[in-house]
Amino acid sequence: MDVQNRVIQLKAAGLSDAQIDAIVKGSEFSSEILSVQEVEKDPYIEIGGLPSGGRYYKNQVGIPCKLKGQPLKVRDSIVLEAMENSNDSEVIDDIFKRRIKGVSPGDILIGDELYILAWLREQTFTKTPLRKSFICSKCGHLNEDALVPLDKLMVYYLPASVTDPMSCKLPISGNEIALRFMRRKDKVRIENFVNENLALRKLKIDDAKLLEIASVLHGMGITDGIEMLENLDPTDFAVINNFFIKMNFGFNKSAFLTCEKEECGFTSIVPIPFQDGYFLPKIGPDLSYED
Ligand SMILES: [Zn+2]
């Protein structure tokens, strides 16, 4: 019903002009609120720029899906800031469970994990984007508080042609072997395996390489995987190792930052540690950074 008809109807019902005015304005106001709520129903935003390209995520019924996230809340910022290193699986599991939609935290690719944390930080502190001072590697100029947006992060992207899993033929044995991308749950499997075997004092330092590769062998458990790898011809193993390195991608907490001096303009690689005010910036009431 349009407003005019509504006014005629209300007048006929004997309401005063002031009353009608209040009702009409009230209804307009409430319909405005309704339409705003309608638009904001999904508080999750698609996570753009993922190192994996976001191509390998599937929902519970196996249909490809986009990763979405929402800004951190106070408690998330506190625990992330307090986290001594970003490899604490349980802390990050909890954050991803609360703030990421699409797949379960264990299914998130290791190569995307740090980038997602940086994305969450950027989404949360939109008024105080990340800044970092650095000394130009070419001219030595001190660039103070340079902006570090997500697209300046040093990200190793995966080529679109890469599949998951991906097969590789071994030259000596002629066998074909398939590797998957490492997911957060594989890292947990490695940690559990290490803990169990440390207790048994069976683990050696040089097992780390075997463990990593064994954890992503398609269709094979870690113990069987290690045994299979150990018994390979070293040439075959070297091929797998190289293949494993090539499947590596992600973000290693560095950024490409360009010198502000016009005559220089050199781009330096600057470390961006997730520490000391990264997830809980040290800012004043005017939103400027404080030391
Ligand atoms: Zn410079």
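What follows is a chat about a predicted model of a protein chain and about two of its helices.

Me: How many helices and strands does the protein chain have?
Reply: In this predicted model, the secondary structure of the protein chain comes to nine helices and 10 strands.

Me: And what share of the residues is buried?
Reply: Of the 291 residues in the protein chain, 37% count as buried.

Me: OK, now α3 and α4, at what angle do they cross?
Reply: The axes of helix α3, residues 74-82, and helix α4, residues 89-99, come within 10 Å and cross at roughly 155 degrees. Angles over 145 degrees count as roughly antiparallel, and α3 and α4 are therefore roughly antiparallel to each other.

Me: Is that crossing left-handed or right-handed?
Reply: The crossing of α3 and α4 is left-handed.

Me: Which residues meet there?
Reply: From α3, Asp76, Val79 and Leu80 take part, and they meet Val91, Ile95, Arg98 and Arg99 of α4. Sorted by type, the residues of this contact are four nonpolar and three charged, with no polar ones.

Me: Switching a bit, which residues of α3 are buried?
Reply: Asp76, Ser77 and Leu80 are the buried residues in α3. Looking down the axis of α3, these buried residues fall within an arc of 95 degrees, so they line one face of the helix.

Me: What covers them?
Reply: The cover over the buried residues of α3 includes α4 and also α5, which spans 110-124.

Me: And which exposed residues are on the face turned away?
Reply: The face of α3 turned away from its buried side carries Val74, Arg75 and Ala82, which are exposed.

Definitions and conventions:
Residues numbered from 1 in each chain as written. Predicted model: local features only at pLDDT ≥ 70, side-chain atom pairs only at ≥ 80, totals over all residues. Heavy atoms only, no water. Axes fitted to C-alpha atoms, helices over the stretch in contact; angles between N-to-C directions. Helix = DSSP H or I, 4+ residues; strand = E, 2+ residues; numbered from the N terminus. Parallel < 35°, antiparallel > 145°, perpendicular 65-115°, else oblique. Left-handed = near helix turned anticlockwise from the far one by under 90°. Contact = heavy atoms within 4.5 Å. Nonpolar A, V, L, I, M, F, W, Y, C, P; charged D, E, K, R; others polar. Buried < 20%, exposed > 50% of the residue type's maximum accessible area, 1.4 Å probe, protein only. Arc of directions from axis to C-beta.
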